[in-house]
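Me: I have a sequence and a model of its fold to go through. Please take my questions one at a time and show the reasoning.

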Amino acid sequence: PSANSYTISVKTNVDAYVVNASALTITAAGSISSLTITGSSYTASAASTTYTVGFTSSAGGVLPTGSTITVTFPAGYTVAATPTISLTGSNWGSGCSATGAGASGVVTITLSISSGNCLAASTAALLTISSVTNPSTTTSAYSISAKTSYDTTSASASVTIVTATVGGTAAATQTVGLGYTTGTSKSVALAGPNTTAFAVAA
């Protein structure tokens, strides 16, 4: 039902006297706050990128075992089917663990704890999502959203995807011509950053 206070009554076919339980209060869906999204790389098409998600639960946003956190990446991103989720920081409940399931840019994180809650209300939290591939198109308009199974109103934060650079200059293809004489043997050394790819044409 909508947010309000409700009274639930109970009776049986033998005990016809109606017993009213204590008033039950239904609260409106909340929203996480202070959402931050940080990537280990913002380079276009970068694979195996880890994204750190930070947020604060609402005043009623307790997350017990079985609760979920949903992070939605926009079109262009690719997420692993079973990304590794790490709960970082000191505010998670002792023994809380998380598993991730990814599909169509959406990562659903399920929390588990043997006793107590994984996250208290009005508490800051940090987690990481691994194995994300950045989109190939560069823009500052990529909005990533997050919500929980209690705070079901999504919050969002934007990131900027940039062109890969080498030494501060946009990456480009360079063709190098090498001459040689039949029957001779020469060696050529090519050097570049550890992300540089060299292709040799026959």
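Me: In what order do the five strands of the open sheet lie?
Reply: The model is a predicted one. The pairing in this open sheet is antiparallel. Its five strands come in the order β10-β11-β7-β13-β14.

Me: Which strands stand at the edges of that sheet, and why is one side of each without a neighbour?
Reply: Each edge strand has a single partner strand, so one side is left without a neighbour in the sheet. Neighbouring strands here are turned by 20° against each other on average, direction ignored. The edge strands are β10 (97-103) and β14 (155-161).

Me: Which residue of β11 is the bridge partner of I69?
Reply: Strand β7 covers residues 68-72 and β11 covers residues 106-112. The two run antiparallel and are joined by five bridges. In β11, I69 is partnered by I109.

Me: Which residues does I109 contact beyond its neighbours within four places in sequence?
Reply: I109 is one of the residues that touch the most other members of the largest nonpolar core. Its bridge partner I69 is among its contacts, and so are T68 and V71. The full set is S67, T68, I69, V71, I85, A98, T99, L127 and I129.

Me: Which residues touch the most other members of the largest nonpolar core?
Reply: In soluble globular proteins, nonpolar side chains tend to be buried together. The core in this model has 34 residues. At least two of them come from each of β5 (33-39), β6 (49-56), β7, β11, β12, β13 and β14. The members that touch the most others are F55, F73, W92, I109 and I129.

Me: How many bridges join β6 to β12?
Reply: β6 and β12 run antiparallel. One pair between them is T56 with A124, the latter in β12. The number of bridges joining β6 to β12 is seven.

Me: In β12, which residues are the bridge partners of V79 and I85?
Reply: Strand β8 (residues 78-79) runs antiparallel to β12 and is joined to it by two bridges. β9 is also antiparallel to β12, with four bridges. For V79 the partner is V132, and for I85 it is I129.

Me: Where does S131 lie, and is it buried or partly exposed?
Reply: S131 has a positive phi of about 60° although it is not a glycine. Its place is in strand β12. With a relative accessibility of 36%, S131 counts as partly exposed.

Me: Is S48 buried or exposed?
Reply: S48 is not a glycine, yet its phi is positive, at about 55°. It is found in the loop between β5 and β6. Exposed means over 50% relative accessible area. The value for S48 is 64%, so S48 counts as exposed.

Me: Which cysteines form the disulfide, and how far apart are their sulfur atoms?
Reply: The cut-off for a disulfide is a sulfur pair within 2.5 Å, and the count by this rule is one. The cysteines are both buried. The pair is C96 and C118, with sulfur atoms 2.1 Å apart.

Me: Is that disulfide right-handed or left-handed?
Reply: C96 sits in the loop between β9 (85-88) and β10, and C118 in the loop between β11 and β12 (124-133). The two are 22 residues apart, so the pair links distant parts of the chain. The torsion about the S-S bond is about 100°, so the disulfide is right-handed.

Me: Which backbone oxygen does the side chain of N134 reach?
Reply: N134 lies in the loop between β12 and β13 (139-148). It is buried, with a relative accessible area of 3%. Its contacts beyond four places in sequence include Y42, T49, Y77 and I161. At 3.0 Å, its side chain reaches the backbone oxygen of S41.

Me: Which backbone nitrogen does the side chain of T148 reach?
Reply: T148 belongs to strand β13 and is buried, with a relative accessible area of 4%. Not counting residues up to four places away in sequence, T148 touches I32, F55, L63, T68 and I69. Its side chain reaches, at 2.8 Å, the backbone nitrogen of D151.

Definitions and conventions
Residues numbered from 1 in each chain as written. Predicted model: local features only at pLDDT ≥ 70, side-chain atom pairs only at ≥ 80, totals over all residues. Heavy atoms only, no water. Pairing = 2+ DSSP bridges. Axes fitted to C-alpha atoms, helices over the stretch in contact; angles between N-to-C directions. Buried < 20%, exposed > 50% of the residue type's maximum accessible area, 1.4 Å probe, protein only. Polar contact = N/O pair within 3.5 Å; in protein donor to acceptor, adjacent residues only side chain to side chain. Contact = heavy atoms within 4.5 Å. Core = buried A, V, L, I, M, F, W, Y, C linked by side-chain atoms within 4.5 Å.
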